[in-house]
Amino acid sequence: MFCNFGSVFAKLLFKWFEKINLKNCEVCMYSTAVLGCAWGDEAKAKIVDVLAKDADYVVRFQGGNNAGHTIKLKDKKFVFHLVPSGILYPGKTCLIGSGVVIDPFQLLAEMDGLKEQGISFENRFFIDPRAQIVLPLHCELDGKAEADSKQTNIGTTKRGIGPCYSDAVARYGIRFGDLFDKEYLKERLENIIRFHHYPISEIETVFEKLNQITDRMKPFLKQIPYLLNEATDKNILFEGAQGTLLDVTFGTYPFVTSSHTSSGGIAIGAGFGKKIDRVVGIFKSYYTRVGKGPFPTELHDEVGNKIRIQGNEFGSTTGRPRRCGWFDAVAAKYTAMINGIDEIAFTLLDVLSGFDTLKICTSYKIGDVITNQFPHSAKDIENAIPQYIEVPGWSTDITGITEYGKLPENAKKYIAKIEELIGKNVTIVSVGPERGQTIFR
Ligand code: GDP
Ligand code: IMO
Ligand code: MG
């Protein structure tokens, strides 16, 4: 009798807890970050697209139109540069945070292209007034620095990203909010144009150019930090651009981009003052890099060529062939740590079908020293000789597989090895560019 009473009481208590929990969940905010954990192009947009189904807000927090984020939907291909990839879902709100640098002319061109494809921006696309503006002079300066044989050649996208961030930090920048106060805008333009020793006549030219687009831009103005931090019942998805090895502090400096691409960049780049609930680190199943800079596992042979062709590894923004190489677990463990990732999305696994053996770099030999720490100096990374383990490959096409258990045994062993080396679980496997070509574990 006592026992029965006890079990009924326990059941009631359990139900009560369940109710409280459900109620709390209805009013709780949930935040997810999708971050590239290598040198960019890890298929962030594909994973954002898959996860955006459950999001209310999709937010870019750094970078600019140096990003090229591709989504394939049946016979259509979309490449996003500044617009968050979530825009493909009609009901989602897409936001550009304070940490993004915006070339307004490129943004409008991108939006026009998307509108032609039936995508609407009305009341669901907003930009923080603090976001910096990329001016034509920034693009010019970027191109000049790249062409100067006395400067370190980075192989930038020439989208004016570095010069724009430099001016922001030097306090010469023009911010999105400045566009709507004509007097102040002119003052700011005078500052920046004098600073760069451009002819004074440029002030009027740039002012007129910007003036022509302010009416179109005005409806997008919104204080993003208030929107995000007060969104008590919203799911927020942060869409990273570039990758951690391109982070201006933690990447292979100076061969990096000029923004904070790692999870720390979210606080500054969106004004988000809360803990990120879920950090998804995106790793390609092999490594790629566009532009200059060290890449220890780069393949200069037929194997590298085969990966490039099977993976269609050509830049989404500049069309440049991407450098390809084996999976680098030294770099991966480092970027997982910097971002505090909770889990791994493992992408383009299908590209590795058809190799007898696959190599994974587990440590570097630099001089006489073997290390599994990612060096801070680009010179040391350049001199690092990767130490590999070899694992057997698989030959079958896996692009149609939708269940983890149905992957070839060697593909599962490859994933298990990566998990062991990074110390985090692979929860999403991408086996093709389409939404449906995704395996959840
Ligand atoms: P992002 O910059 O990280 O968003 O990546 P990009 O869009 O620059 O590059 C990723 C490329 O891989 C795009 O062309 C995608 O359509 C494609 N892609 C995404 N996931 C997969 C996959 O699992 N397999 C293959 N074969 N291609 C993929
Ligand atoms: P997504 O978001 C790959 C690289 C450039 C160059 C360096 C600096 O598509 O992954 P920048 O123009 O930013 O000053 O160039 O960074 N780079 C990228 N590489 N994917 C990107 O973006 C990149 N954005 C910049 O190639 O080496
Ligand atoms: Mg890309």
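Helices (H or I, at least four residues) and strands (E, at least two) are DSSP runs, numbered from the N terminus. With those labels, Pro254 can be placed in the loop between β9 (235–239) and α9 (264–270). The model is predicted, so local features need pLDDT of at least 70 and side-chain atom pairs count only at pLDDT 80 or more, while totals for chains, interfaces and linings use all residues. Residues are numbered from 1 along each chain as its sequence is written, chains are lettered from A and ligands numbered from 1 in the order in which they are written, and side-chain values use heavy atoms, with hydrogens and water left out.

Back to that proline. The peptide bond from Tyr253 to Pro254 is cis, with omega near 5°. Most peptide bonds are trans, and most residues other than glycine have a negative phi. Two residues in this model that aren't glycine have a positive phi: Arg171, near 70°, and His197, near 55°. Arg171 sits in the loop between α5 (161–169) and α6 (182–195), and His197 in the loop between α6 and α7 (201–217). Arg171 is exposed, at 69% relative accessibility, and His197 is exposed too, at 74%. Here, buried means under 20% relative accessible area, exposed means over 50%, and partly exposed is in between (1.4 Å probe, protein chains only).

Next come the ligands. Ligand 2 has 20 residues around it, and the closest are Lys44, His69, Thr157, Gln242 and Thr257; a residue is near a molecule if one of its heavy atoms lies within 4 Å of it. The shell splits into seven nonpolar, 10 polar and three charged residues. In that count, Ala, Val, Leu, Ile, Met, Phe, Trp, Tyr, Cys and Pro are nonpolar, Asp, Glu, Lys and Arg are charged, and the others, Gly among them, are polar. Several polar contacts reach oxygen atoms of ligand 2, a polar contact being a pair of N or O atoms within 3.5 Å (within protein, one must be able to donate a hydrogen and the other to accept it, and residues adjacent in sequence count only if both atoms are side-chain atoms). The side chain of Lys44 comes to 2.7 Å with an N or O atom, that of Asn66 has a polar atom at 2.8 Å, and a polar backbone atom of Gln242 is also 2.8 Å away from a ligand oxygen. The protein covers 97% of the 550 Å² of accessible area that ligand 2 has on its own; such areas come from the Shrake-Rupley method with a 1.4 Å probe, and for residues only the protein chains shown count as cover.

Ligand 1 is surrounded by 18 residues, the closest being Lys44, Gly68, Thr70, Asp350 and Ser430. A backbone N or O atom of Gly68 lies 2.8 Å from an oxygen of ligand 1, and one of Leu348 lies 3.2 Å from a ligand oxygen. The side chain of Arg322 also has an N or O atom 3.2 Å from an oxygen of ligand 1. Of the 580 Å² of accessible area that ligand 1 has on its own, the protein covers 91%.

Gly68 turns up again at the magnesium ion (ligand 3), which is coordinated by Asp41 (OD) and Gly68 (O) at 2.0 to 2.2 Å. Asp41 is in the loop between β1 (30–36) and α2 (44–51) and Gly68 in the loop between β2 (57–60) and β3 (69–73), so the pair ties together parts that are 27 residues apart in sequence. Donors are N, O and S atoms within 2.8 Å of the metal (3.2 Å for Na, K and Ca); water is not among the atoms, so sites may look incomplete. Asp41 is partly exposed at 22%, whereas Gly68 is buried at 11%.

Finally, the charged pairs. Side chains of opposite charge can pair when their charged atoms come close. The structure holds 17 salt bridges, each a side-chain nitrogen of Lys or Arg within 4 Å of a carboxyl oxygen of Asp or Glu. One of them joins Arg435 and Asp49 (2.6 Å, N to O). This pair links distant parts of the chain, with Arg435 in the loop between β18 (426–430) and β19 (438–440) and Asp49 in helix α2, 386 residues apart. Arg435 is partly exposed at 31%, but Asp49 is buried at 2%. Lys284 and Glu313 also meet in a salt bridge (3.0 Å, N to O), and both are buried. Asp41, the magnesium partner, is linked with Lys284, Glu313 and Arg322 in a network of salt bridges.
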